[in-house]
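Student: Could you pick one part of this model and go through it closely with me? I'd like one connected account rather than a list.

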Amino acid sequence: MTKEPSKAPTSGKLTAASSEPVRFDITRKKFRIADYVAEKIIKGVAFLSITIIVLIFFFVFREAFPIFSISKEIKKSTTENVVQDVQETYGEVTDQPAKEENQETYGAVTDSSQVQEQYGVQTNDTASIEDASDKAYTVSAGSGFDDNQSAIKTLLTKDWVPVSDKPRYGILALIVGTFKITLISLLFAAPIAILAALYTAVFANRKMKEIIKPTIELLAGFPSVVIGFFALMVMATFLQEIFHYETRLNSFVGGIAMGIAAIPIIFTITEDALTAVPKSFYEASLAIGASKWQTAFFVILPAATPGIFAAILLGIGRVFGETMIALMATGNAAQMDLNPFTSVRTLAATIGAEMAEVVFGDTHYNVLFLIGSLLFIFTFIINAIAEFYVKGKLMKRIQGK
Amino acid sequence: MIVDKINTEDMFLYYSSKMALNNISIKIPEKKVTAFIGPSGCGKSTFLRSLNRMNDLIDGVKIEGKVIIDNINIYDKNIDVVTLRKKVGMVFQKSNPFAKSIYENVAYGPKINGIKDKSQLDEIVEMALKNAAIWDEVKDRLGDSALGLSGGQQQRLCIARTLAVNPEIVLMDEPASALDPLSTAKIEELIVQLKENYTIVIVTHNMQQAARISDNTAFFYLGELIEYDRTKKIFTNPDKKQTEDYITGRFG
Amino acid sequence: MIKSFRKNIKGIVIEGITLVSALLIIAIVIIMLTVIIIGGKDQLSWEFLTSFPTDGMTKGGIFPAIYGTALLVIIMSIAAVPFGTITAIYLTEYAKENSVIAKTIRFAVRTLAVIPSIIYGLFGLGFFIKFVGAHIDGAFFGGELKWGQPNLLWASLTMSLLTLPVVIVSVEEALKTVPQELRAASLALGATKWQTIRKVVIPGSISGIMTGTILAVSRGAGEVAPILFTGAAYYLATLPGLGDQFMVLGYHIYVLTTQSANVDQTLPIQFGTTCVLLLLTFILNMSAVILRYRIRKKKTN
């Protein structure tokens with residue numbers, strides 16, 4: 001097998017390389033400080049994106065968390081209160097002020113929340129509670145204890161009345177409104193974007209491509225506040241004149257405007273998916289006598305389904321979290337119905353409209369963060385599905401072929 | 001007596017799990033031109049690139065055995081690869097000047113070696129360009145972009161860039177394959193001159209070229225070193241039938 | 001004969017529908033541009049751009065909003081561009097393509113790109129203001145409220161998180177256009193990895209870094225949701241510093257259209273401001289499109 005090194009070639013003069021001083025010492029790894037530092041910094045910074053995601057998770061949830069901790073505490077306190085009552089009834093009470101307070105509570109027991117409030121004071125000198133929940137408790141206790149208790153209870157109702165004597169935080173209407181508007185905008189944007197992508201990927205000549213693609217990029221660059229302004233000032237009136245509905249700003253107008261914002265995302269990803277379909281598919285289909293449009297619809301479009309699915313998912317994510325258009329063009333009334341021509345209030349718009357006016361640490365504040373957490377989880381999951389499920393599908397298809 | 005500059009012993013190279021070089025043992029003499037020939041995909045370029053560890057850049061490459069240069073196995077654990085590549089320079093198949101001026105291209109190597117003195121740099125650049133036989137063509141436009149040069153000039157500039165680091169060994173991976181005959185002739189002439197001072201290892205698929213410029217020739221086939229001898233012998237009276245078949249153009 | 005003709009008609013109709021969809025998108029863009037430009041062009045004047053609002057924001061210019069927007073995008077770029085570029089360098093130069101770390105980072109970057117901008121606003125409030133700012137106040141100002149409230153710095157940093165993925169994606173694309181042979185040439189000359197990156201790779205992708213910066217600036221100039229409660233202000237009589245709230249174009253539009261007492265009265269200013277913002281982002285995006293087009297062309301050559 002091995003070729004022995006050949007008989008040394010005999011020509012050539014004698015050289016004395018071995019006696020030369022060593023110019024290149026390769027035997028020892030040199031420590032190069034600039035390279036070392038650069039590599040460490042670059043690797044460190046690269047983790048920033050992951051860190052930010054983790055931090056967003058942590059901090060958005062942290063501000064939403066007090067709602068749950070309070071409800072837990074309420075449960076705990078009620079049971080302990082009972083126990084203490086029993087003690088106080090049967091044994092001699094040593095802690096006089098505590099007893100007094102308790103009696104006071106009993107006297108005016110009309111409002112159950114007051115019991116909690118009294119107990120809260122008591123726990124500070126009798127039982128020890130974890131610092132964290134304690135702090136959260138005292139902070140929110142100061143700003144309206146009524147809210148805390150009712151917050152959780154009202155969360156799954158349809159009344160969103162955060163600023164009133166009896167605030168209610170029913171987010172159902174907001175969720176329904178968000179889904180309604182998402183559906184409307186998708187019904188508008190998805191067909192247009194997908195068909196236009198199909199045109200660009202399959203039918204268009206070079207020149208048309210060079211017009212359409214930059215236009216889409218420019219549309220993607222339109223600030224949503226500009227689209228919102230356009231919807232509010234121009235589109236709303238225009239559409240009302242056509243359809244003759246009652247409220248000028250409603251989920252229909254908002255949905256169309258958000259659809260405009262979602263078109264570039266759906267278009268771009270769909271077009272990528274369509275152009276990624278191997279050329280051989282196309283040629284094979286034409287070769288068996290299918291026409292261009294048949295090939296486009298029955299060969300290329302199906303082959304790109306996972307990509308189109310991803311495009312729609314990310315379009316949903318875009319509309320779902322869109323704030324400015326929702327604030328400006330939907331009417332912002334938290335109504336719960338399925339009529340496309342009534343005003344709605346979306347989750348994101350609620351945060352946008354109310355966060356600037358709430359008291360930090362208030363229940364209202366926490367509920368808004370809770371809504372934010374929902375939005376975040378929703379978009380995170382959507383993105384994860386688009387990423388992993390769709391990629392897996394594509395991989396399977398490629399390997400299957 | 002001939003000094004062996006490079007000496008590989010029982011060297012194997014794998015891409016992932018696929019064997020690309022099978023048990024290569026060869027002794028390459030100092031200040032000679034050694035040519036590697038063979039059909040494409042035979043492993044000659046891969047082997048060349050393992051002489052200055054450029055294969056390290058490719059994921060999944062594993063090397064067994066020894067590659068000894070000046071009595072040091074360059075695959076030892078403590079080898080400083082950066083210094084090794086200064087000692088063993090390389091010219092690539094496709095000329096690849098940086099998008100900088102002609103001067104900056106040649107001065108790149110000395111500069112990263114810490115030479116800052118302008119007059120010293122000027123001197124090195126001039127020497128390198130002269131050694132690469134391109135000085136007369138570019139001396140009046142050193143500040144122009146290197147990308148404006150012709151293909152042959154670019155390749156000689158790349159040689160000059162390699163020489164400016166003052167290596168001991170210059171590896172050339174089909175340096176003239178993309179050039180016209182006139183440029184090729186210039187490069188060949190240059191290579192013959194360079195062996196005065198440098199050990200040259202050249203990969204070529206052009207057998208006439210190997211016959212014209214090299215002192216020794218190694219024939220590779222399917223990842224194996226089939227035959228290695230003086231060029232004259234390889235081309236006139238090879239020992240192995242495979243070599244003879246290839247030389248006479250029966251395959252490849 | 002007739003059959004093939006029918007088939008042909010069907011083909012034309014179907015291709016026509018796709019064409020109409022494409023044209024519809026172009027029409028939407030053109031209509032929006034023209035309506036806003038026509039509506040705002042009478043308002044555009046040197047004075048409008050350089051003077052303060054007067055008469056309870058019903059008259060006067062939008063200078064503070066332009067100033068605030070400029071400061072916002074500058075500070076944002078200072079934070080986002082270096083970090084984005086470095087992350088892109090890691091992904092192309094250091095990480096192995098299929099390593100778990102690289103995949104995770106890429107997933108994180110794409111996630112950052114799809115998180116709704118309002119969530120960034122919440123994060124800015126919860127992290128920068130309520131956590132970092134509040135702790136600075138606690139440590140250096142004895143609890144006095146200085147940095148623990150909305151201001152230009154926190155708004156800009158919030159915005160930089162939002163634009164980070166924009167920078168990363170653009171720069172990564174540009175770094176990939178630097179031919180592998182140039183890296184090999186540099187390394188073969190005995191350059192270290194970092195020397196190669198610094199002297200060959202980065203200079204070769206300057207236009208990509210610029211594209212990323214422009215896109216990020218355009219995005220940052222137009223986004224409003226992240227700064228709704230991290231620093232944007234309704235009206236300010238003075239120009240802001242780092243620790244102040246600030247006026248900004250997008251928020252100005254939002255406030256004028258939805259919060260002002262008499263919307264009709266401010267209509268010209270609304271159109272004018274929207275026109276300014278639209279033209280600003282339009283020009284920025286246009287130059288990014290052109291730059292990117294040139295980079296891609298270079299790649300195919």
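Tutor: Let's settle one term before we start: two strands count as paired if DSSP finds at least two bridges between them. Keep in mind too that this is a predicted model.

The part I'd pick is strand β9 of chain B, residues 216-221. Five of its six residues are buried, so the strand is largely enclosed by the rest of the structure. Buried here means under 20% relative accessible area.

Now for the partners of β9(B). Strand β3 of chain B, residues 33-37, pairs with β9(B) in the parallel sense, over four bridges. Within that pairing, Ile37(B) stands opposite Phe219(B). Strand β10 of chain B, residues 224-230, runs antiparallel to β9(B), and six bridges join the two. If you want a residue pair to find by eye in that second pairing, take Ala218(B) in β9(B) and Tyr228(B) in β10(B), which stand opposite each other. So β9(B) has a parallel pairing with β3(B) and an antiparallel one with β10(B).

The link from β9(B) to β10(B) deserves a look as well. The two strands make a hairpin with two residues between them, and Leu222(B), in the turn, has a positive phi of about 50°. Most residues other than glycine have a negative phi, which is why a positive one is worth a second glance.

Since we're on phi angles, chain B has a couple of others to check. Arg53(B) isn't a glycine either, yet its phi is positive, near 60°. You'll find Arg53(B) in the loop between α1 and β4 (61-69) of chain B. With a relative accessible area of 13%, Arg53(B) is buried. Then there's Ala133(B), again not a glycine, with a positive phi of about 55°. Ala133(B) sits in the loop between α4 (118-131) and α5 (135-138) of chain B. At 38% relative accessibility, Ala133(B) counts as partly exposed, whereas Arg53(B) is buried.

While you have Arg53(B) on screen, step back to helix α1 of chain B, residues 44-50, where you'll meet Ser50(B). Its relative accessible area is 0%, so Ser50(B) is buried. What surrounds this serine? Apart from neighbours within four places in sequence, Ser50(B) contacts Met11(B), Leu13(B), Asn55(B), Ile63(B), Ile74(B) and Tyr75(B).

That takes us from the inside of chain B to where it meets chain C. The contact draws 20 residues from chain B and 16 residues from chain C. In chain B, Phe98(B), Tyr108(B) and Ile112(B) lose the most area to chain C, together 33% of what that side buries. Between chains B and C, about 1,500 Å² is buried, and carbon and sulfur atoms give 66% of that. There is one salt bridge in the count for this pair of chains. It joins Lys94(B) to Glu181(C), with the closest N and O atoms 3.2 Å apart. Five residue pairs are in polar contact between chains B and C. As for which elements take part, α2 (81-87), β6 (88-91), α3 (102-112) and α6 (151-163) of chain B each give two or more residues to the side that touches chain C. By class, that side of chain B has eleven nonpolar, three polar and six charged residues.

For context, put the contact between chains A and C next to that. Here 82 residues of chain A are in contact with 81 residues of chain C. The two bury about 7,200 Å² between them, 83% of it on carbon and sulfur atoms. No other three residues of chain A supply more of the area it buries against chain C than Ile42(A), Phe229(A) and Trp293(A), yet their share is 9%. Two salt bridges are counted between chains A and C. Glu217(A) forms a salt bridge with Arg292(C), the closest N and O atoms being 2.1 Å apart. Helix α17 of chain A, residues 363-400, gives the largest share of the side that touches chain C, 13 residues. That side of chain A has 60 nonpolar, eleven polar and eleven charged residues.

Notes:
Residues numbered from 1 in each chain as written. Chains lettered and ligands numbered in written order. Predicted model: local features only at pLDDT ≥ 70, side-chain atom pairs only at ≥ 80, totals over all residues. Heavy atoms only, no water. Buried < 20%, exposed > 50% of the residue type's maximum accessible area, 1.4 Å probe, protein only. Contact = heavy atoms within 4.5 Å. Buried area = accessible area lost by both parts, 1.4 Å probe. Salt bridge = Lys/Arg side-chain N within 4 Å of Asp/Glu carboxyl O. Polar contact = N/O pair within 3.5 Å; in protein donor to acceptor, adjacent residues only side chain to side chain. Nonpolar A, V, L, I, M, F, W, Y, C, P; charged D, E, K, R; others polar.
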